[in-house]
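Colleague: Could you take one part of this model and walk me through it closely? I'd like to hear how one helix sits in its chain, and then how that fits into the wider picture.

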Number of protein chains: 2
Amino acid sequence: MFKTSKLVFSPRVRKSPYFDSTMKYGAQAFTVYNHMYLPIAFEGPEEDYKKLLNGVQLWDVGCERQVEIKGPDAEALSQFLTPRNIKKCSKGQAMYAPFLDFKGGFINDPVMLKIDEDHYWFSLADGDSLLWAQGIAAGYNFDVEIIEPDVSPLQVQGPNSTQLMAKVFGDWIHELGFYKFKELTHEGIPMVIARMGYSRERCYEIFLQDHSKGDELWEMLWQEGQDLNISAGTPNVILRLEAGILSYLGDMDRTNNPYEVGLDWMIDLDQEDDFIGKEALREINLKGPKNKLMGAEIHSDRMTVFNSEPWPVLIDGKKVGSMNALVYSPRLDKNICYTILDIDHANSGTNIVICSPDKELKATLVDLPWFKRN
Amino acid sequence: MFKTSKLVFSPRVRKSPYFDSTMKYGAQAFTVYNHMYLPIAFEGPEEDYKKLLNGVQLWDVGCERQVEIKGPDAEALSQFLTPRNIKKCSKGQAMYAPFLDFKGGFINDPVMLKIDEDHYWFSLADGDSLLWAQGIAAGYNFDVEIIEPDVSPLQVQGPNSTQLMAKVFGDWIHELGFYKFKELTHEGIPMVIARMGYSRERCYEIFLQDHSKGDELWEMLWQEGQDLNISAGTPNVILRLEAGILSYLGDMDRTNNPYEVGLDWMIDLDQEDDFIGKEALREINLKGPKNKLMGAEIHSDRMTVFNSEPWPVLIDGKKVGSMNALVYSPRLDKNICYTILDIDHANSGTNIVICSPDKELKATLVDLPWFKRN
């Protein structure tokens with residue numbers, strides 16, 4: 001299905017606090033993410049997907065490292081680092097808040113948690129943005145302390161997730177709003193519990209604040225989940241594509257700006273404060289972006305071989321973009337994928353040809369997403 | 001020997017320009033390094049090591065990404081980023097030039113290449129130091145352009161490397177000094193050839209400047225190496241440990257400073273120019289470091305199971321440090337390792353106990369390295 005090789009575990013790459021649990025419960029494949037092992041398959045993307053949709057699933061995303069910004073200038077620096085208007089974010093609230101460079105290109109696409117008025121976390125995708133934040137803070141003389149704190153997220157995904165979370169942590173879970181969070185200590189384990197996660201299914205993210213308690217937290221959830229169809233899973237490529245969720249470095253990178261990938265809604269050019277990339281974004285907004293990320297549906301029987309690198313996209317024999325992520329969606333019974341295309345050709349309904357190494361695939365462009373949030 | 005799992009190839013992680021060649025010639029295992037696949041075994045560390053010592057070997061180190069600093073302030077910024085005195089480096093010369101943070105901790109340990117008076121490359125270990133350099137440059141207002149250029153190193157290692165390089169590129173190779181390099185275009189392939197590499201054996205590093213020509217370059221060397229015992233290999237853990245060479249994130253990280261890992265020789269506190277970490281290093285130098293990296297020899301028969309994470313080191317039952325890297329050296333017929341220890345216990349000849357998950361191992365501390373440069 002996906003091309004594989006062997007991965008050697010070495011001390012150069014760190015283990016998550018949940019690593020032993022993921023091995024115990026059958027992790028079969030890993031990748032490396034933020035210098036840590038990230039499990040990416042238990043029984044396989046499709047089997048894991050089905051189990052998630054039938055119960056509740058634990059995902060070790062301890063590799064989502066946090067950039068913690070604290071101090072008198074924490075708000076000012078946080079605002080300088082992202083085009084979101086973070087003044088609209090309250091304490092106890094989270095916000096998708098990408099980091100851009102001065103040309104408007106993505107450096108990372110973290111979720112920000114406003115822990116306190118002078119205390120922020122940015123929960124990173126793959127990339128050492130800690131260095132970016134620290135370099136900027138030093139050079140521009142922001143009065144802050146920036147570290148990577150001892151925080152390791154675990155996601156609880158699926159239709160039974162609310163029931164499991166309430167069973168373990170209490171009925172207040174039912175009241176927790178979307179992108180809201182609460183700090184607590186449960187049975188001696190310090191954590192932040194947020195209602196969010198890397199799918200459109202019902203989900204929670206537990207930000208464990210003591211790496212020595214990872215397996216204990218995992219077991220606590222696992223035991224209470226026995227009658228709720230609990231399983232172990234990983235960030236799932238089928239759920240991601242169905243929902244139109246982006247993967248940094250997979251679907252977009254520093255060569256892309258928010259206008260190209262459907263994230264212009266998060267840019268606030270009208271706010272008074274300056275932020276990195278503001279000038280460049282203003283110009284892109286004026287001229288219009290050059291590329292656009294779109295979905296596509298492939299006209300073929302259920303595919304069993306997926307891409308391990310981008311595949312060229314053609315219209316009338318001319319290259320107009322590339323296809324970056326492809327899966328078979330059981331719910332749609334379709335082969336679906338993401339493409340990034342020259343803006344002139346990025347129109348819903350347009351027929352394209354995707355060049356796999358073996359053959360040409362006929363496909364039609366569609367708007368994202370296929371599924372909205374449950 | 002080493003604990004392994006499965007690695008899934010996905011478009012999120014990039015392939016090196018030599019990737020197809022490494023697959024063709026039998027790469028069996030990979031890790032991820034700077035968001036790219038790095039092959040780490042063909043026949044296995046020991047078999048690969050023996051082949052290298054009996055001929056010449058190609059290593060795909062395309063994952064060593066370059067930070068290119070260019071412009072009027074290129075020298076000033078490069079100097080600000082490292083404690084080396086880079087004024088001592090001439091055009092056409094390379095220099096090991098780590099990046100430190102303001103506390104003196106390692107952010108990365110690149111080799112710097114002075115391409116021109118206003119043009120530098122820093123050839124990175126694992127970590128997005130591009131973001132660090134760009135953040136610092138923007139904030140401190142250095143007049144430079146900083147990018148990751150299209151440069152992908154390939155190492156040519158082993159006793160027959162000079163003969164192979166001369167056969168392919170010409171007799172001038174014999175005159176190339178240690179840590180010197182030359183820019184050239186050979187059969188339409190632009191590159192920089194340096195005499196250096198990640199071992200103490202005779203070696204060269206080819207900095208390919210056109211990623212589309214990776215396999216062509218590899219084949220060119222492979223064909224000419226047929227009568228020179230050419231093989232495919234990878235950065236080798238046995239050669240590394242024997243030679244006392246460090247691996248960033250494996251042997252030292254941001255919690256370590258140069259005084260702790262035997263790199264104080266590269267610090268120039270007396271230079272007039274300021275650099276990041278200067279004040280902190282001055283203080284550490286005055287007080288003395290708290291830890292020290294040392295070698296150790298384990299008293300046991302040839303070991304076959306190595307560590308995939310640090311193991312605790314004890315003296316008289318008390319934890320005094322950790323063991324980070326362990327292999328069996330065929331040339332020494334010994335199990336050798338690196339330890340990092342509280343400075344009070346870091347003395348050559350001291351007996352220690354290393355706690356593997358299975359049993360306690362008796363060992364004796366020794367000075368590094370076991371082998372000097374050939």
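Modeller: Sure, let's go with helix α3 of chain B, where B:A74, B:E75, B:L77, B:S78, B:Q79 and B:L81 are buried. Bear in mind that this is a predicted model. The helix spans residues 74–81, and with 6 of its 8 residues buried it is mostly covered. What do those buried residues pack against? Their partners are the strands β5 (66–70), β7 (99–100), β9 (111–116) and β10 (119–123), along with helix α4, in chain B.

Chain A gives a view of this kind of packing from another residue. Leaving aside neighbours within four places in sequence, A:M112 is in contact with A:S78, and also with A:I86, A:C89, A:A94, A:M95, A:A97, A:Y120, A:W121 and A:F122. A:M112 also turns up in the largest nonpolar core, a set of 219 residues, where A:M112, A:L113 and B:L113 have the most contacts inside it. As a general point, nonpolar side chains in soluble globular proteins tend to be buried together.

Now back to α4 of chain B, one of the elements α3(B) packs against. Between the chains, 43 residues of chain B are in contact with 43 residues of chain A. On the chain B side, at least two residues each come from β1 (4–8), β2 (29–33), β3 (36–41), α4 (129–139) and β19 (318–329). The largest share is that of α4(B), with 7 residues. By class, the chain B side divides into 21 nonpolar, 15 polar and 7 charged residues.

How do the two copies relate? Chain B can be laid on chain A by a turn of 180 degrees and a shift of 0.0 Å along the axis, with an RMSD of 0.0 Å. That is the relation of a two-fold axis. In chain B, the C-alpha nearest the axis belongs to B:G139, 1.8 Å from it. The copies meet through the same surface, since 100% of the interface residues of chain B are also interface residues in chain A.

Strands cross the boundary too. β1 of chain A (residues 4–8) runs parallel to β2(B), and 2 bridges join them; A:K6 stands opposite B:A29 there. Going the other way, β2(A) and β1(B) pair in the parallel sense over 2 bridges, and the bridge partner of A:F30 in β1(B) is B:L7. β2 of chain A (residues 29–33) is itself mostly covered, with 4 of its 5 residues buried. Within chain A, β2(A) pairs with β3 (residues 36–41) in the antiparallel sense over 5 bridges, with A:A29 opposite A:A41. Those two strands form a hairpin with 2 residues between them, and A:N34 in the turn has a positive phi of about 50 degrees.

Last, the domains. In chain A the assignment gives domain 1 (19–61 + 151–240), domain 2 (66–150 + 257–287) and domain 3 (290–374). The C-alpha centres of domains 1 and 3 of chain A lie 30 Å apart, and their contact takes 7 residues from domain 1 and 8 residues from domain 3. On the domain 1 side, α2 (45–53) and α7 (237–243) of chain A are the elements that give two or more residues. That side has 3 nonpolar, no polar and 4 charged residues.

Note on methods. Residues are numbered from 1 along each chain as its sequence is written. Chains are lettered from A and ligands numbered from 1 in the order in which they are written. This is a predicted model: local features need pLDDT of at least 70, side-chain atom pairs count only at pLDDT 80 or more; totals for chains, interfaces and linings use all residues. A nonpolar core is a set of buried Ala, Val, Leu, Ile, Met, Phe, Trp, Tyr and Cys residues joined through C-beta atoms within 7 Å. A residue is buried if 20 or more other C-beta atoms lie within 10 Å of its own, exposed if 12 or fewer, and partly exposed in between; C-beta atoms are placed from the backbone. Two residues are in contact if their C-beta atoms, placed from the backbone, lie within 7 Å. Ala, Val, Leu, Ile, Met, Phe, Trp, Tyr, Cys and Pro count as nonpolar, Asp, Glu, Lys and Arg as charged, and the others, Gly among them, as polar. Two strands pair if DSSP finds at least two bridges between them. Domain bounds come from an automatic or database domain assignment. Copies are superposed by least squares on the C-alpha atoms of residues with pLDDT of at least 70 in both.
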